[in-house]
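Biologist: Hi! Could you pull up the model so we can walk through it together?
Modeller: Sure, here it is.

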Amino acid sequence: MSQQKIMREQTSEKSSLSGQLISINRVSKRYDTPSGSFMALREVSLEVRKGEFVAIVGKSGSGKSTLINLITGIDTPSSGKVNVASKAIHALSQEQLAIWRGINVGVIFQFFQLLPTLTVAENVMLPMDFCRTYPARERRERAISLLSKVGIAEQADKLPADLSGGQQQRAAIARALANDPPILVADEPTGNLDSQTSDAVMQLFANLAMEGKTVVMVTHERDLSRYFTRTITLADGSVVTELPAITEVSM
Ligand SMILES: Nc1ncnc2c1ncn2[C@@H]1O[C@H](COP(=O)(O)OP(=O)(O)O)[C@@H](O)[C@H]1O
Ligand SMILES: [Mg+2]
């Protein structure tokens, strides 16, 4: 299938999204290594609805990154089903997956992962260039407006190395928003930031969730829990507790 055909199909599906945006059904992940095999996830099931801001918490090694790498399609499950944005992503080819991800999921990492030789604006334009979601002549303007949304428009023409950690993470969030995806997935996005900067970045995610983005975030910082609508705790590859935010508890 041509890239353009895949894109047309996936773009037309994006508008029909509602209800459960992420549905994980009895997913297991086994890593086979020379020293033996290791079950990183054991029959995990969970659902995330549109507009939720979900935290995945748990000790180091509990399977948090493995779980969210399955949601973004960066990794594939050993068994079980992963449906994200109405797509059975465990069944997509690498090429289909790359375009699907570019349109449907913005991914944010702990160490920002901006390309060091491109300016901040060029980094934000990359997903638009890759997926051709906006006409070439509109991409820079859109990048600047996203940088302005995250509060760093004046940094647009600098290289990532000239920005502070917090500014680099804001740039990475702008890049994740480039194609206006319904879902944002972040793996410890504040893990490399001081607490004040981390609060500002969390507030940015919370605002995006209030605007209707669905946000799934791995964090091990317990004091951030006030931001989330729900917290899912993993231990040894299994979901052990699922706590809704206090405001959502029904009698
Ligand atoms: N590529 C891999 N190969 C082998 N084992 C892995 C791989 N990735 C993760 N693991 C193991 O799976 C477990 C869960 O890892 P991970 O999902 O990264 O945990 P967390 O993000 O919660 O710290 C860990 O024990 C880790 O060592
Ligand atoms: Mg991790």
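Modeller: What follows is a quick tour of this predicted model, and you can steer.

Biologist: Great. What is the mean pLDDT of the protein chain?
Modeller: The mean is 90, and 89% of the residues reach 70 or more.

Biologist: Where does pLDDT stay under 50?
Modeller: Over residues 247–251. For that stretch the model has two contacts beyond four places in sequence.

Biologist: Okay. How many helices and strands are there in the protein chain?
Modeller: Seven helices and ten strands. The protein chain has 251 residues, and 43% of them count as buried.

Biologist: And the contacts, what share of them join residues at least 24 apart?
Modeller: Taking contacts between residues at least 6 apart in sequence, 69% join residues at least 24 apart.

Biologist: Let's go to the ligand. Which residues are around ligand 1?
Modeller: You'll find Y31, T33, F38 and A40 there, then G58, and then S60, G61, S62, G63, K64, S65 and T66.

Biologist: Which elements supply at least two residues of that shell?
Modeller: Strands β1 (20–33) and β2 (36–49) do, and so does helix α2 (64–71). The largest share comes from α2, with three residues.

Biologist: How does the shell around ligand 1 split by class?
Modeller: There are eight polar residues, three nonpolar and one charged.

Biologist: Staying with α2, is it mostly covered or mostly open?
Modeller: Mostly covered, with six of its eight residues buried. Those are K64, T66, L67, I68, L70 and I71. K64 and T66 are also among the residues around ligand 1.

Biologist: What comes just after α2?
Modeller: G73 does, and that glycine takes a positive phi of about 75°.

Biologist: Back to β1 and β2. How do they pair?
Modeller: They run antiparallel, with ten bridges between them. A hairpin of two residues connects β1 to β2. If you want to trace the register, I22 stands opposite V48 in β2, and I24 has L46 as its bridge partner.

Biologist: What order do the strands of that open sheet have?
Modeller: The order is β2-β1-β4-β5, four strands with antiparallel pairing.

Biologist: Which strands stand at the edges?
Modeller: β2 and β5 (87–88). Each has a single partner strand, so one side of each is left without a neighbour in the sheet.

Biologist: What about the other pairings, how many bridges join β1 to β4?
Modeller: Five, again antiparallel. One of the bridges places S23 with N83 in β4. Two more bridges join β4 (residues 79–84) to β5, also antiparallel, and there N83 has A88 as its partner. That puts N83 in bridges with S23 and with A88.

Biologist: Nice, that's a handy residue to click on. Switching topic: which residues touch the most other members of the largest nonpolar core?
Modeller: I56, V124, L147 and V216, in a core of 67 residues. Helix α4 (residues 120–131) gives the most to this core, six residues.

Biologist: Why would such residues sit together at all?
Modeller: As a general tendency, nonpolar side chains in soluble globular proteins are buried together.

Biologist: Let's zoom in on L147. What is L147 in contact with?
Modeller: Beyond its neighbours within four places in sequence, L147 is in contact with V120, A121 and V124, plus I152, A153, Q155, A156 and A174.

Biologist: Now R139. Where is R139, and is that arginine buried or exposed?
Modeller: R139 is in helix α5 (residues 136–149). This arginine is buried, with 21 other C-beta atoms within 10 Å, and the cut-off for buried is 20 or more.

Biologist: What does R139 touch?
Modeller: Not counting residues up to four places away, R139 touches M125, M128, D129 and Y134. From R139 to D129 is 7.9 Å, C-alpha to C-alpha, and they are ten residues apart in sequence.

Biologist: One last spot: why does G102 count as buried?
Modeller: Because G102 has 23 C-beta neighbours inside 10 Å. This glycine lies in helix α3 (residues 94–104).

Biologist: And which residues is G102 in contact with, leaving aside the neighbours within four places in sequence?
Modeller: P127, F130, C131 and N179. The C-alpha atoms of G102 and M128 are separated by 8.3 Å, and the two residues are 26 apart along the chain.

Notes:
Residues numbered from 1 in each chain as written. Chains lettered and ligands numbered in written order. Predicted model: local features only at pLDDT ≥ 70, side-chain atom pairs only at ≥ 80, totals over all residues. Near = placed C-beta within 6 Å. Nonpolar A, V, L, I, M, F, W, Y, C, P; charged D, E, K, R; others polar. Buried ≥ 20, exposed ≤ 12 C-beta atoms within 10 Å, placed from the backbone. Contact = placed C-beta atoms within 7 Å. Pairing = 2+ DSSP bridges. Core = buried A, V, L, I, M, F, W, Y, C linked by C-beta atoms within 7 Å. pLDDT = per-residue confidence, 0-100.
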